[in-house]
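Colleague: I am new to this structure. Please take a close look at one part for me, and show how that part sits among its surroundings.

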Amino acid sequence: MTIPSRWRLDGRAALVTGASKGIGLACARELALLGADLLLVARDDITLEKTRLDLIEEFPGCEVFVCAADVADREQRLEVFDWIADLDVELSLLVNNVGANVSRPALDYALDEVRMLVETNVLAAFEMCRLAHPDLAEHGNAAIVNVGSVSGLTHVRTGAPYGLTKAALHQLTRNLACEWADDGIRVNAVAPWYIRTQRTEGPLADVDYLDEVLERTPMGRIGEPEEVASAVAFLCLPAASYITGECIAVDGGFLRYGF
C-alpha cells in the first residue's frame, strides 16, 4: 500500500542543528527516512563529514549537505544562512536541537556560565528561527521544532539555569506559533526526559541515581534518541498540519507520575 503524502516529507529540505550525534543525528535519520533532504549543522567538522557519508550510504536518494558551525555564535549563525543561500534550496523545516548544560547548585554558578547557557539554549534558537523566517514564510507550509526538556516544565536535578532556558524555549515556541501562523509556519517543541546519549552517560553511570530516575519513570526505562526523533518528525509532517504551539513530552510518563 502506498503511504499517503501527508505521512511523507519528499521534496522538503530540513535544517537540523547539533546534528552529528545523539538526538540531532536521530532526527536527521528520521527525516531522511521520510524523504526529506538534510542540511546539517554541528561544531565538529570531522564528525559531521562522517555523518554525511553515513547518511548518504544509508539513504541513497537523500541529499545531505553539512556546515560546521557553532550556532551559539552570531557570526557563525549568519554564515550558516549564507551557506543555505548558496545551496539554493527551498528550506521548509527547522529543528533547533543545539543545547548545553553545566549542572551544579544555583549558588555555585559563575555568571559567565549562566550567560553561556542562555546564549546556547535560548538566543541561538531564537535567532535561528528569525534567520530562517524568510525562507520558511516563502514556502508557506513550514515547520519549526524546538528540542526543549522536561526541565523547562518541572524541577529536575539539571540546575536552575538549564531549567530556565528550556522554559524560555517552550515559551518562545508558543509565542512564535501565534505570531507566525499567518505566515504558514507551525512552531512546536518536544520535551525529553532522560535519553540515552553521550550527555547522559555520566549521570546514568551512577547506579543509585539511575534507580531513582527509573523509579520516577512509569515506563521503567531510559528513552532512546530515536523516540525523540519520531516525535520531532511527526511535528514536521503534513499530517500534523493543525498542530502548533504545542510541547510534547517524550518522557516515559515522568511528568504524569503521582506519588
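**A helix and the sheet beside it**

Modeller: The buried residues of helix α8 pack against α1 (22-33), β4, β5 (142-147), β6 (185-192) and β7. This is a predicted model. The buried residues themselves are P225, V228, A229, A231, V232, A233, L235 and C236. Helix α8 covers residues 225-236, which makes 12 residues. At 1.5 Å a residue it should span 16 Å, and its end C-alpha atoms are 17 Å apart, so the two values agree.

Now the sheet. It is open and has 7 strands. The order is β3-β2-β1-β4-β5-β6-β7, and the pairing is parallel. Its edge strands are β3 (64-68) and β7 (247-250), and each pairs on one side only. Neighbouring strands are turned by 20 degrees against each other on average, direction ignored. Strands of a sheet pair through backbone hydrogen bonds.

Edge strand β7 is one of the strands that the buried residues of α8 pack against. At the other edge is β3. Strand β2 (residues 37-42) pairs with β3 in the parallel sense over 5 bridges. In one of these, L39 has F65 of β3 as its bridge partner.

Other helices lie across this part of the sheet. Helix α2 (residues 45-58) lies across β2 and β3. It runs at about 175 degrees to β3. Helix α3 (residues 74-87) lies across β1 (13-17), β2, β3 and β4 (91-96). Its angle to β2 is about 155 degrees. Strand β4 is also among the elements that the buried residues of α8 pack against.

Methods
Residues numbered from 1 in each chain as written. Predicted model: local features only at pLDDT ≥ 70, side-chain atom pairs only at ≥ 80, totals over all residues. Heavy atoms only, no water. Pairing = 2+ DSSP bridges. Helix = DSSP H or I, 4+ residues; strand = E, 2+ residues; numbered from the N terminus. Axes fitted to C-alpha atoms, helices over the stretch in contact; angles between N-to-C directions. Contact = heavy atoms within 4.5 Å. Expected span 1.5 Å × (residues − 1). Buried < 20%, exposed > 50% of the residue type's maximum accessible area, 1.4 Å probe, protein only.
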